[in-house]
Amino acid sequence: MPKLWNETIETHRREVREAILDATAALVADHGLRAVTMSQIAEQAGIGRATLYKYFSDVEAILGAWHERQVDHHLHHLNQVRDEAGDPAARLEAVLTAYALLTSSRGGHDADIASYLHHSPHVAHAHDHLHGLISSLIAEAAASGDLRADTDPGELATYCLHALSAARSLPSEAAVHRLVQLTLAGLRNPG
């Protein structure tokens, strides 16, 4: 087959997959996980049920793929934030702030969805990537003298991630920013 034909087919498949993911997310947000059917998803995405089943076996598989896409977007965003900031301390603060803001805006999952989504292998992989990103930023800032060097950067990254998980329950963006500053205070040189 000609290269153009293959690219056109691949683009079409990607567009159909994205439409399925977007339709599912919208329906689940409106009706809840247990109320959404494959027929509704096919209708909302503008495709036939047979086509839908070529891509996904059930609603949970679609939701898992949607969540994986969201996690990938978040990681990409955090890497962009890191790359746009200046010195090591500024990069760390920018990434921690972006992560805390993402964490604070996650609130809409109901218990069924959260339970299903957050035990997926891609979540563990993403967490490892995030931990590594923050560890390396802490190591850079410590090497430049901006942060404490008496504690392993991996331990400090774990501290940051646990501390910033509190952003989920904070009432405002201003409170999230205060939490980031408090977390950064724990990373500064003692004395």
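What follows walks through the fold of this predicted model, from the whole chain down to a few single residues.

Starting with the big picture, the protein chain is built from 9 helices and 0 strands. Its pattern along the sequence therefore reads α-α-α-α-α-α-α-α-α, as helices are runs of at least four residues numbered from the N terminus. Of the 191 residues in the protein chain, 37% are buried. Among contacts with a separation of 6 or more, 65% link residues 24 or more positions apart. As for the outside, the accessible surface comes to about 10700 Å², and carbon and sulfur atoms own 54% of that.

Now for the inside. The largest nonpolar core counts 30 residues. Leu 78, Leu 92, Leu 96, Ile 134, Ile 138 and Leu 187 are the ones with the most contacts inside that core. Two or more residues apiece come from helix H4 (59-84), helix H5 (88-104), helix H7 (121-143), helix H8 (153-164) and helix H9 (173-185). Another core, of 20 residues, lies apart from this one, and its members include Val 28, Leu 33, Val 36 and Val 59.

Helix H5 is a good place to look at the larger core. This helix has 17 residues and runs 24 Å from its first C-alpha to its last, close to the 24 Å expected at 1.5 Å a residue. At the N-terminal end of H5 sits a cap, Asp 87, with a side-chain oxygen 3.1 Å from the backbone nitrogen of Ala 89. The buried residues of H5 are Pro 88, Arg 91, Leu 92, Val 95, Leu 96, Thr 97, Ala 98, Tyr 99, Ala 100, Leu 102 and Thr 103. Their cover includes H4, H7, H8 and H9.

Helix H9 can be read in a similar way. With 13 residues at 1.5 Å each step, H9 should span 18 Å, and its end C-alpha atoms are 19 Å apart, which agrees. Ala 175, Val 176, Leu 179, Val 180, Thr 183 and Leu 184 are buried in H9, and H5 and H8 are among the elements covering them.

Leu 187 comes in the segment after H9. Its relative accessibility is 0%, so Leu 187 counts as buried. Leaving aside neighbours within four places in sequence, Leu 187 is in contact with Leu 92, Leu 96, Leu 147, Arg 148, Leu 156, Tyr 159 and Cys 160. Two of those partners, Leu 92 and Leu 96, are also on the list of buried H5 residues. Leu 187 and Ile 138 are 49 residues apart along the chain, yet their C-alpha atoms are separated by 8.4 Å.

Over in helix H7, Ser 135 is worth a quick look. Ser 135 has a relative accessible area of 13%, and because the cut-off for buried is under 20%, this serine is buried. Outside the four places on either side in sequence, Ser 135 touches Pro 153, Gly 154 and Ala 157.

Helix H2, residues 38-45, rounds things off. Met 38, Ile 41, Ala 42 and Ala 45 are buried there. Viewed down the H2 axis, these buried residues fall within an arc of 100°, so they line one face of the helix. Just after H2 comes Gly 46, which has a positive phi, near 75°.

Notes: Residues are numbered from 1 along each chain as its sequence is written. This is a predicted model: local features need pLDDT of at least 70, side-chain atom pairs count only at pLDDT 80 or more; totals for chains, interfaces and linings use all residues. Side-chain values use heavy atoms; hydrogens and water are left out. A nonpolar core is a set of buried Ala, Val, Leu, Ile, Met, Phe, Trp, Tyr and Cys residues joined through side-chain atoms within 4.5 Å. Buried means under 20% relative accessible area, exposed over 50%, partly exposed in between (1.4 Å probe, protein chains only). The expected span of a helix is 1.5 Å times one less than its number of residues. Contact means heavy atoms within 4.5 Å. Accessible areas come from the Shrake-Rupley method with a 1.4 Å probe; for residues, only the protein chains shown count as cover. The arc is that of the directions from the helix axis to the C-beta atoms. A polar contact is a pair of N or O atoms within 3.5 Å; within protein, one must be able to donate a hydrogen and the other to accept it, and residues adjacent in sequence count only if both atoms are side-chain atoms.
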